[in-house]
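The following report describes the fold, the packing and the backbone features of a single protein chain. The sequence and the structure are shown first.

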Amino acid sequence: MSTVTLTREGHIGVIMINNPPINATSHSVREGIVDALDQIDADPVINVAILICAGKTFIAGADVSEFGQPPKAPILPNVIKCLEASTKPVIAAIHGHALGGGLEVALGCHYRIADKSAKLGLPEVNLGLIPGAGGTVRLPRLVPVHDAISMITSGKPVSSTKANEIGLIDAICHGALLDAAKDFAQTIQKLDLPVPLIAREPVKAPSADEWDSITTTTIKKARGQVAPVVAIDAIRTGIDEDAQTGLTFERQKFVELRDSDQSKALRHIFFAERSVGKLPEIDGVAPNTIREVGVIGGGIMGAGIATASLLAGFNVTIIERNDEACANGRATVEKHLSGSVKRGLITQDRFDQLLAAFSTSTDYAALRNADLVVEAVFEDMNVKHDVFGKLSLHCKADAVLASNTSYLDINEIAAKCVNPGRVIGLHFFSPAHIMKLLEVVHTDKANAKSLATAFAFGRALGKIAVPCGVCDGFIGNRIMSAYRKHCEYMLEDGALPHQIDDAMVEFGFPMGLFAMQDMAGLEISWATRKRLAPFRDPAERYVALGDYLCEMGRFGKKNGLGWYRYDETGKAQPAPEVDTLVIAESEKKGITRRSFSHDEIIHTILTAMRNEGDKIVAEGVARSPDAIDVVMVNGYGFPRHKGGPMYLTRN
């Protein structure tokens, strides 16, 4: 079957693309569009054309499998030139997603209409690229330049409502898309052919001073990623010079970036995120239907899990120990949802609907109809056993029971539960309603049905679900513990907390290790160290600096004192008293301090990550090095454009 067909309906020619799953601009699609345009231009009966796609989406990107291969004519920029050169107006009818090359194709058309739920964007920076088929030149000639800059440098798509507001589309369709496109065609077929975008002037171009500010802001946000900064150069070239110069510059930079180390790393993590959750043991296994979700504990983590579940469309019940705790949990959930309203992510009506689907209780019997329950209580094994004992008593037999524990042995939790095959780990990352990562912990007795349900739940929540085995800390926390030890060794050997953090930020982390510990709360890792103290090898080097801070009442940002001092605005400042404490500990242990360069600090951290990662893969806790990269990028701030620690240290 041809990927592109042309049908005639009266005076309208309908170009239909059918190249599942995302209608990518593969060679057959590009060739088919050009052939259809030739037929339309030569047909005296047709006076307007509609470009539309079959399936769930408009063109949602390029065929990434063609990267690294010799270009095959017609290349996409030339296809778009053919659209612009058509003697008959072409209407892009958009549903689903119009992304990357898909949006560039739509920009080549004379008009654009979109379904009310459509998303439109140029996400190339997420793969270390810039638009390569005219997006940096045409988009600023259709929408205000500031909006074009935002779309291109962030890579974030906009809704059809936003697209309509900024002039990216000509109309929003509320009914059947093809019928709406035909109706639209009737209104424009006698109008003069619009001037192609390439021949128009930019919309509200910035001044020279504004450009300088835009560039500075983009460099800061990019944190070492090259593509967003190159995108600014491309957009500005297309505006300050002429459109053709802009197209030439854009294509040159696209090709350079496509072959760059950053783009290769970003493509690695892109594909890793999409493959890491594909488990052979659940292939073809139907998950349980989930309608009701229970959450045990309404603290910061539990409320975040409840919020994420509500936003995914589930009915949610939080179980707490008393009415006051229930009220606190409800208040936290309401605060999270109110934030979504303020950011325009949900409407006030949707907010009201979500609250109507939310309840709290002190009685586990309220979970009698729950399909999946997540425990998020204090990290104490006796408390966990008590919770799962009550869940076994009150939940239906096929309900999946999950623990959000960060460190405790889930096999031990499952062993004392009725039907341990339904017990798994769902390790969320805080804040749970925002962070994309979810570690799905496969206990020894977990059955395929429970695992399939867990991954389906993760997908419904919009999470990147990574399978892992049972061990202390699973994948992410175990690796963090390993490199934290080496950072602490460097403290005793001569570095200071802010020096290590500065090196990490310079490398591309959003914050350094010690600032991150302050944000999380130092007492959390302190409790873990105390729990593991009886099992610690007496010969192992142990750094007690974090313990000293907690004993001094320095618990981090929450009380203004941790590795750093925090002012009334929450901004961190180096703490001279902590530096003195660090230096004194070196003297007490008889360690001669020395200086550490940023490169040496990062090399030490990467080596620790890689060595622990190799152990985790060898033990089967992680199924591949890719799983470790996905966890560290999405849960621990490892710079995405470097691909993850396992990728970076082997390339």
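## Aromatic contacts

In this predicted model, one aromatic cluster is formed by F507, F509 and F638. The count of aromatic pairs comes to 8. In the pair of F429 and Y636, the ring centres lie 5.5 Å apart and the planes meet at 85°, so the arrangement is edge-to-face.

F429 is located in the loop between β15 (423–428) and β16 (437–441), whereas Y636 is in the loop between α25 (625–635) and α26 (645–648); the pair therefore ties together parts that are 207 residues apart in sequence. Both F429 and Y636 are buried.

## Overall architecture

The chain contains 26 helices and 19 strands. Its radius of gyration is 28 Å, close to the 26 Å that the globule rule gives for 651 residues, so the chain is as compact as a globular protein of that length. Along the principal axes, the C-alpha atoms fill a box of roughly 85 × 60 × 45 Å.

Of the 651 residues, 54% count as buried. Among contacts with a separation of 6 or more, 73% are made by residues 24 or more positions apart. The exposed area of the chain is about 27800 Å², of which carbon and sulfur atoms supply 54%. The chain carries 69 positive and 77 negative charges, and the mean positions of these two sets are 2 Å apart.

## Helix α20

Helix α20 spans residues 513–520, and 6 of its 8 residues are buried, so the helix is largely enclosed by the rest of the structure. The buried residues are L513, F514, A515, M516, Q517 and D518.

These buried residues of α20 pack against three helices and a strand, namely α18 (476–493), α19 (497–507), α21 (522–532) and β18 (564–566). G521 follows α20 and has a positive phi, near 110°.

## Two buried positions

V295 belongs to strand β10 (residues 292–296). With a relative accessibility of 0%, V295 counts as buried, because the cut-off is under 20%. Beyond its neighbours within four places in sequence, V295 is in contact with G302, I305, A306, V316, T317, I318, I319 and V374. The C-alpha atoms of V295 and A370 are separated by 9.7 Å, although these residues are 75 apart along the chain.

T218 is part of helix α8 (residues 208–222). The relative accessible area of T218 is 9%, and this residue is buried. When neighbours within four places in sequence are left aside, the contacts of T218 are with T153, P228, V229 and I232.

## Backbone features in loops

Two cis peptide bonds may be noted. The bond from P20 to P21 is cis, with omega near 5°, and P21 is placed in the loop between β2 (12–17) and α1 (27–42). The bond that joins S430 and P431 is also cis, with omega about -5°. P431 is in the loop between β15 and β16, where F429 of the aromatic pair also lies.

Positive phi values occur at R223 and N419, neither of which is glycine. For R223, phi is near 45°; this residue is in the loop between α8 and α9 (227–240) and counts as partly exposed at 39% relative accessibility. For N419, phi is about 60°; this residue lies in the loop between α16 (410–415) and β15, and its relative accessibility of 35% makes it partly exposed.

Technical notes:
Residues are numbered from 1 along each chain as its sequence is written. This is a predicted model: local features need pLDDT of at least 70, side-chain atom pairs count only at pLDDT 80 or more; totals for chains, interfaces and linings use all residues. Side-chain values use heavy atoms; hydrogens and water are left out. Helices (H or I, at least four residues) and strands (E, at least two) are DSSP runs, numbered from the N terminus. The radius of gyration is taken over C-alpha atoms; the globule rule is 2.2 Å times the number of residues to the power 0.38. Buried means under 20% relative accessible area, exposed over 50%, partly exposed in between (1.4 Å probe, protein chains only). Contact means heavy atoms within 4.5 Å. Accessible areas come from the Shrake-Rupley method with a 1.4 Å probe; for residues, only the protein chains shown count as cover. Lys and Arg count as positive and Asp and Glu as negative; His and the chain ends are not counted. The place of a charge is taken as NZ of Lys, CZ of Arg, CG of Asp or CD of Glu. Rings of Phe, Tyr and Trp (its six-membered ring) pair if their centres lie within 6.5 Å; planes under 30 degrees apart count as stacked, over 60 as edge-to-face and the rest as tilted.
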